[in-house]
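Hi,

Here is the structure I promised to pass on. Have a look at it first, and my notes follow underneath.

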Amino acid sequence: MAAAMRVTGAWVQLLTDWLDRENLPAPALRTVLDSRSPADVVPLPLWRDLLQQAVLLRPERLAPGLEIGAMIQPRHVGMLGYLILTCRTLGEAMLAYQRYETLFYGQDMVEVVGQDDQMLVRWPGADSTGELADSVAIAALVSFLRRQVDTPPVPTRVAFAFPAPGPSIRAAFEAFFGCPVQFAQAHTCVAFPVHFLAIALPHSDPSMRSLLDRQAQAMLLALPDSDSFDRALQQAMVRLMPEAAVTLPRLAAELHMSVRTLQRRLAERQLTWRELLDRTREQLARHYLADLSLTLGDIALLLGFSEHSAFSRAYRRWTGNTPARARKQTALAYKTDNAV
């Protein structure tokens, strides 16, 4: 059964930023928004409801969803946003988004496909997040790309699955995107000329890209097939590990709960936080050891150990093996698999 669609706590902060810009107090709405940490899972129905509450505060606006999406910053899409920033070209950025969107929506939806001389970024109408949420998402996608290059590419066309709005709203959409906008389509879609794939992104940083790529892969591994609390818990641990800041109080603070509540929730799962930390570190260590470009010292830092020797002792305790021996076994398997 497919996972339920959701967004992240980082994403809903778009709405907080818009409320700030509009000088809207909205205390009840802000209370809900402020209760979500960047790593929290926000169910799609809640995100839709929050958006609806916000735009009702500005009923005179023709297309408030576009205004909200236009405020996009890398922090609103977390690891994925920073990963895209380090890509070399627009095409590479599109592929990175496609690869890691599970971190954002909780499932794979987006296709990046070529069609004649066009590059399409699209998802089926059946996966629409709703009129307002789709408007925010596509406005954010186009706005994010516009900020990455000196001469922003203009889409060839934009399409939405929801029904066509009135003429004035339709004109607002076309003015925002600078191209024809279609409605009631089979796919929500943004199309660019295919040669735009080669546009260089000025913030490219290959070494940072490599590190963030590995961390994004690790976060994908850390998504358990269980409930949202488990997922938020493990993602928080993965995020804190490189900062060597995984302590029970820090973890509780990340999850916006007391230490006692966190201990109780873990006890319900027959776990202590130390057992969970060990389990997560072991899982990620196996993944990192398979990446031969990472030194054992790199892996120790990514897992939050102060030094390589501490990581080695922990790995031996988890597996009965040493990281160095596990790395040799991985390298040998790699050579065997790639032998001519």
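**Notes on the salt bridges, the sheet and a few residues**

Glu67 has a relative accessibility of 21%, so it counts as partly exposed, the cut-off for buried being under 20%. Bear in mind throughout that this is a predicted model.

Glu67 is a good way into the charged pairs, as its partner is Arg61: their closest N and O atoms are 2.8 Å apart, which makes a salt bridge. Arg61 has another partner in Glu22, with an N to O distance of 2.7 Å. That second pair ties together distant parts of the chain, 39 residues apart: Arg61 sits in the loop between helix H3 (44-55) and helix H4 (64-69), while Glu22 sits in the loop between helix H1 (9-21) and helix H2 (27-34). Arg61 is partly exposed at 27% relative accessibility, whereas Glu22 is buried at 9%.

Over in the strands, Arg122 and Glu111 form a salt bridge too, at 2.9 Å between the closest N and O atoms. Here the residues are 11 apart, with Arg122 in strand S4 and Glu111 in strand S3, and again the pair links distant parts of the chain. Arg122 is buried, with a relative accessible area of 19%, and Glu111 is partly exposed at 30%. As for the wider picture, shared partners join Arg21, Glu22, Arg58, Glu60, Arg61 and Glu67 into one network of salt bridges. The count for the model comes to 14 salt bridges.

Now the sheet. What is the strand order in the open sheet of five strands? Reading across, S3-S4-S7-S5-S6, and the pairing is mixed. Strand S3 (111-115) and strand S6 (181-182) are the edges, each pairing on one side only. S3 runs antiparallel to strand S4 (residues 118-124), with five bridges between them, and Val112 stands opposite Val121 of S4.

Helix H8 lies across S4, strand S5 (157-159) and strand S7 (187-193), and runs at about 15 degrees to S7. I also checked H8 (residues 131-146) for length: with 16 residues at 1.5 Å each, the expected span is 22 Å, and the end C-alpha atoms are 23 Å apart, which agrees. In H8, 14 of the 16 residues are buried, so the helix is largely enclosed by the rest of the structure.

Two single residues are worth a click as well.

- Arg281, in helix H14 (residues 273-289), is buried but makes no salt bridge. How far away is the nearest side chain of opposite charge? That is Asp278, at 5.0 Å, and a salt bridge needs the atoms within 4 Å. Not counting residues up to four places away in sequence, Arg281 touches Met241, Arg274, Leu303, Gly304, Phe305 and Trp318.
- Leu85, in helix H5 (residues 78-85), counts as buried at 18% relative accessibility. Beyond its neighbours within four places in sequence, Leu85 is in contact with Pro74, Phe144, Gln148, His203 and Ser204. Of these contacts, Gln148 is 63 residues away from Leu85 in sequence, yet their C-alpha atoms are 7.7 Å apart.

Cheers

Terms used
Residues numbered from 1 in each chain as written. Predicted model: local features only at pLDDT ≥ 70, side-chain atom pairs only at ≥ 80, totals over all residues. Heavy atoms only, no water. Helix = DSSP H or I, 4+ residues; strand = E, 2+ residues; numbered from the N terminus. Buried < 20%, exposed > 50% of the residue type's maximum accessible area, 1.4 Å probe, protein only. Lys, Arg positive; Asp, Glu negative; His and termini not counted. Contact = heavy atoms within 4.5 Å. Expected span 1.5 Å × (residues − 1). Pairing = 2+ DSSP bridges. Axes fitted to C-alpha atoms, helices over the stretch in contact; angles between N-to-C directions.
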